[in-house]
Amino acid sequence: MTGQTPIPESKAGKPDQQFHTIPEEELFSALSSSPAGLTEVQAGKNRAVYGPNDISHIRKRPVILQFLAHFKNLLVIILLFAAVVSVVTGEITDAAIIFVIIFASVTLDFFQEYKAENAAELLKKKIITRASVFRDGKAEELPITDLVPGDLVSLAAGDIIPADARLLSSRDLYVNQSSLTGEPFPVAKTAERAAPGERLAEAGNYVFLGTSVVSGMATAMITRTGAGTEFGKVAKTLVERPPETEFERGLRHFSYLMSKIVFSLVIIVFFINALFKHDVLQSLIFSVALAVGMTPELLPMILSLNLSKGALAMSEKGAIVKHPESIQNFGSMDVLCTDKTGTLTDNQIALVRHLDAEGNDSDTVLHYSYLNSYFQTGLKSPLDEAILNFRHIDIDDFTKNDEIPFDFVRRRVSIVATGKSGKVIVSKGAPEEILRVCTSVEKDGAVQLLTDAGRDRITALYHSLSADGFRALAVCYRPLDPGTATFSVADEKEMVLVGLITFIDPPKESARESIRLLAQAGIELKILSGDNELVTKKTCELIGLGVKGVLTGTEIDAMDVQTLSRQVEHVTIFSRMTPAQKNRVMQAIRHNGHVVGFMGDGINDAPSIREADVGISVENAVDIAKESADIILLKNDLRILHDGVLEGRKTFGNTMKYILMGTSSNFGNMFSVAGASLFLKFLPMLPIQILLNNLMYDVSESTIPTDNVDDSYISTPKKWDIDFIKKFIMVFGPISSIFDFITFLILLVVFQADAPFFQTAWFVESICTQTLVIFVIRTRVVPFYQSRPSRMLFASTILIVLIACVLPFTVIGSLFGFVQLPVSFYAVLAGLVIGYLILVEMVKYWFFRKFGGSTERRLVPDH
């Protein structure tokens, strides 16, 4: 965590907790600021005192410490212990070789991981949350990390609060503090100075880093930044990851599986050697070396390389990956939930008609709509922009008195204004919500009682417009007593309905093709919208999305968890949804075993973006949506989603190649060693030879992230399946052992091999078989003919095989205890390798026909 210098007493005068109670003049003085904000010079001085405004980034340790951290691996520590013991017992050569191998392995791991992390950091810097700041008396947009105590910032709906700040002015400001306090509802904030002794957490004039503006606007003075904020004090950040995702859960299960296998087999091998053959120390070193060979220790590096490669590929196609691990979840995703407006549609909304209760064009409706949108300062929507851009209306004789901001429960916004005819409250919002507060209707300038027949008529008109694809808002008003000074939601009653305003929001040009591509990729699309079901249905019709069923927010509220979990499988459109209802639907879909993505751009989408396995937003989304997202689309093109899914599946595919190949061949080697230990009078391979074998094998596999992935593999969602991995190990591991035992038999019977000859020959055979088999394991079809490996993978594999074959003839080979092998052995080796690869190919064909479908089944969820 970035360090934060406390506010000096000599400068602040009082503890930070009192900034909400002191007069503004003292506040400016304490932070060397003014009502015009800081100067650039003073901002630089404050930054030198307080440090950067950053708690989402852990300060990087020096490179040398990052390198040394790789030695904390338990197996590396055991190997180092074994090397030290070798020094004590006089085995200096063995100790030196162990040290060299450890250093080479750690260096390889560090270099690749360091390179991947740097690539990820460069991508993250492309997405920076900015704040509107006053410097030198002028407003400018700056990254929030540049803010310092004393900065004057302006806040509006959708903004992230960039640091802890004291409000200097506010207008109908509501802030969502749930990320800090857990309060589910927005909290009203004002610039009124807090009373002496009032707790900071309860101060109405103070806002906190990581919370978000729901509605209204304000100007605030930054008082604390970075780790000195309330968020910083509890060591939390805005960008903290949500609970365990699909990929993280699968990786954890795989780690448990490998731990059990390695521990069990190493114990068996150790006791066989210690009790029947060799001394305890030699058996211990041998068993530890086997454990290193058995453990897929390259997995973190392979993951890092895969993820960074996928993130870079995504950036080239127009998407920034904030959390690299989300690429794996992208590949596993089989359900994509999305908001409608701005994601499936262009969000280029245009006002079409303004209708009275009878369905006739009415300037009165437009007048009241314009009045409401003009004076609204809260959560501005594209609908308001469409109203204001439709036609200019002269409302100079009106003065705004107050505003009752929009929220996602009432689904309406009201303003109070005074004109020549007196004071009036004007509301607009969802027709069903406006009708709840209306008791009268205006017809031809006269106000009449709103009868049930009148309600049915306006509702039918609304449904008819919705069925034609038009969005509609209802508008109403009520004259107020001129002496009324305070206003609240309670004043939204006994209103006079004036009519409806309708809008058109055309679908994105890319939406139809994108939906087709996602469907081909095995991903089901579900629409979670605050709009009504008729408009949403029309949009689905225009973009070619078939609708299985529809559920409204009201119907969802009436369902228990089990009922909802059953229903979500048969529903495409979820309409009239609040953020809480969207979250319930997301949780129900995940409960059914799906990997879920959510795409949205508004304040109300942020909770669902965070709840999903993969949260997706767009560049022009509000700050809180972008901060909650894993992936941000920089282009207004849904086809990037399909490209991202394919990248995710390629990443997952290459990761699985390493896991399946490494675990099965290593598992086979363990069986071979355990069997050989029972009848050989010497170790089948020296510990340093096993370590060298492991290092060379690692080098050959380090290029797996560059490999090509078959089109047939990426055509469907891919998910962790531990049962499938177990079956793969149990089938292909013994095949490796069979050829090992054939090699042992040939060496002992045909070549009458002594210990050095045997160890050298098996080392060469082991390297050749377990590296070359990647060409068979990497694809489900015929290798080379139907699926070609990448050039780097081919080159690294062949290079390692050549080195293994030549090594016994070199001086370096003699250091490892190798002896020169006759040419006849290499002829036998060629036959063994060819036979091994043919058998694996035949078994692979059978295996994937019998068990291949299991990779599309999900690991049993444990959440």
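This is a walk through a predicted model of one protein chain, from its confidence to its sheet, helices and cores.

Start with confidence. The mean pLDDT of the protein chain is 80. Of its residues, 81% reach 70 or more. Residues 1-16 fall below 50, and this stretch has 44 contacts in the model beyond near neighbours in sequence. Residues 235-241 also stay under 50. For them the model has 17 contacts beyond four places in sequence.

Now find the sheet. It is open and has 8 strands, with mixed pairing. Read across, the order is β8-β23-β22-β21-β9-β18-β20-β19. The edges are β8 (319-321) and β19 (550-552). Each has a single partner strand, so one side of each lacks a neighbour in the sheet. From one strand to the next, the twist averages 20 degrees.

Look inside the sheet at β18 (residues 524-528) and β20 (residues 573-575). These two strands run parallel and are joined by 2 bridges. Here Ile 527 stands opposite Ile 573 in β20.

Follow the chain out of β18. Ser 529 sits in the loop between β18 and α18 (533-543). Is Ser 529 buried or exposed? With a relative accessible area of 2%, Ser 529 is buried, because the cut-off for buried is under 20%. Its contacts, leaving out residues up to four places away in sequence, include Asp 339, Lys 340 and Thr 536. Ser 529 also touches Phe 574, Ser 575, Arg 576, Met 577 and Lys 582. Of these contacts, Arg 576 deserves its own look. Arg 576 lies in the loop between β20 and α21 (579-591). Its phi is positive, about 50 degrees, although Arg 576 is not a glycine. Most residues other than glycine have a negative phi. Ser 32 is another non-glycine residue with a positive phi, of about 55 degrees. Ser 32 is found in the loop between α2 (24-30) and α3 (40-50). At 32% relative accessible area, Ser 32 is partly exposed.

Next comes helix α24 (residues 639-679). It lies across β8, β9 (335-338), β21 (596-599), β22 (614-618) and β23 (631-633). Relative to β23, α24 runs at about 145 degrees. How does its length check out? At 1.5 Å a residue, the 41 residues of α24 should span 60 Å. The end C-alpha atoms of α24 are 61 Å apart, which agrees. Of those 41 residues, 35 are buried, so α24 is largely enclosed by the rest of the structure.

Helix α24 also gives residues to the largest nonpolar core. That core holds 73 residues. Which of them touch the most other members? They are Ile 725, Phe 763, Val 764 and Phe 825. Besides α24, the elements giving two or more residues are α9 (246-276), α25 (687-701), α26 (722-750), α27 (755-772), α28 (774-777), α29 (791-806) and α31 (823-851). A second, separate core has 54 residues, among them Ala 511, Ile 573, Ala 588 and Phe 598. Ile 573 is the residue that stands opposite Ile 527.

Finish with Phe 763. It lies in helix α27. At 1% relative accessibility, Phe 763 counts as buried. Beyond neighbours within four places in sequence, Phe 763 contacts Met 685, Gln 689, Leu 692, Asn 693 and Met 696. Ala 804, Leu 807 and Phe 818 are also in contact with Phe 763. Pro 808 is 45 residues away from Phe 763 along the chain, and their C-alpha atoms are separated by 9.9 Å.

Technical notes:
Residues are numbered from 1 along each chain as its sequence is written. This is a predicted model: local features need pLDDT of at least 70, side-chain atom pairs count only at pLDDT 80 or more; totals for chains, interfaces and linings use all residues. Side-chain values use heavy atoms; hydrogens and water are left out. pLDDT is the predictor's confidence in each residue, from 0 to 100. Contact means heavy atoms within 4.5 Å. Two strands pair if DSSP finds at least two bridges between them. Helices (H or I, at least four residues) and strands (E, at least two) are DSSP runs, numbered from the N terminus. Axes are lines fitted to C-alpha atoms, for helices over the stretch in contact, and angles run from 0 to 180 degrees between N-to-C directions. The expected span of a helix is 1.5 Å times one less than its number of residues. Buried means under 20% relative accessible area, exposed over 50%, partly exposed in between (1.4 Å probe, protein chains only). A nonpolar core is a set of buried Ala, Val, Leu, Ile, Met, Phe, Trp, Tyr and Cys residues joined through side-chain atoms within 4.5 Å.
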